Amino acid sequence: MNLEEIFEKTIKQNVRLVAASKYVDDVQIRNLFYKNVVEFGENQVQALALKKEKLQDLKQIKWHFIGNLQSNKINLLIKQKPILWQSCNGIKIAKAVDKRLDYKLDTLLEINTADENSKNGIDSTKAIEEYLQIKEECPNLNLIGVMCIGAMQEYKLQESFEKTYAIYEKLQKYKATICSMGMSGDFELAIKCGSNMVRLGSILFK
């Protein structure tokens, strides 16, 4: 699938495209930016800081943090001022980030709707309760939706997306606007299940 086809399936359907740039360097990010991709997501805080510094001349780039946040990297993440922290996985890390913030950070709650031990994210049965708790107790976090990583087993993949979207629907009355799900191998299915933001890596950086 070429970039124009990916644009047809994402941006032209009002689905935000975030390039997951974990495995590429600043030169490859720069090349993709010149092809009209402006949102990039990093999995590690140090990599985000390094790439942001090397690409500081590209003022239009919007950085997301999409990886598991370790408590000893909170200060560095806050310093980077990402436009979206996609991977808040519970009240504990939410409170730790909130108390150090001196600005409002747009945030998504990561939900483990795949029910896989290898994945981060809050248990789907606790997601709504914890979402509302974070919203109430963490004034510096602006919770605006949810994120998930689809199930590894193909037969469970659609179900994991549908469960996430159902939770998102229930949170819309609390001003949730983003349902971030879908990566290079499954983003078309994720969009069919209601995703309005995808995180694509290998399919973009060929």
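Which residue of strand 3 stands opposite glutamate 39? The close-up views below, taken from a predicted model, begin with this pairing.

**View 1. Pairing of strand 2 with strand 3.** Lysine 62 of strand 3 is the residue that stands opposite glutamate 39. Strand 2 (residues 39–42) and strand 3 (residues 62–65) run parallel and are joined by 4 bridges. Together with helix 3 (residues 45–54), these two strands make a β-α-β unit that is right-handed.

**View 2. Pairing of strand 3 with strand 4.** Strand 4 (residues 84–88) runs parallel to strand 3, and 2 bridges join the two. Histidine 64 has leucine 84, in strand 4, as its bridge partner. Between these strands the chain passes through helix 4 (residues 74–80), forming a right-handed β-α-β crossover.

**View 3. Surroundings of helix 5.** Helix 5 (residues 91–98) is largely enclosed by the rest of the structure, because 6 of its 8 residues are buried, each with under 20% relative accessible area. The buried residues are Ile91, Ile93, Ala94, Ala96, Val97 and Asp98. They pack against helix 4 and strand 4, and also against strand 5 (105–112), helix 6 (127–137) and strand 7 (141–147).

**View 4. The annotated span, residues 6–205.** An unreviewed UniProt entry lists these residues as "domain: Alanine racemase N-terminal". In the model, helix accounts for 36% of the span and strand for 21%. The C-alpha atoms at the two ends of the span lie 12 Å apart.

Technical notes
Residues are numbered from 1 along each chain as its sequence is written. This is a predicted model: local features need pLDDT of at least 70, side-chain atom pairs count only at pLDDT 80 or more; totals for chains, interfaces and linings use all residues. Side-chain values use heavy atoms; hydrogens and water are left out. UniProt positions are given in the numbering used here, feature names are shortened, and annotations may be inferred rather than shown by experiment. Two strands pair if DSSP finds at least two bridges between them. A crossover is right-handed if, with the strands pointing away from the viewer, the path from the first strand over the helix to the second runs clockwise. Buried means under 20% relative accessible area, exposed over 50%, partly exposed in between (1.4 Å probe, protein chains only). Contact means heavy atoms within 4.5 Å.
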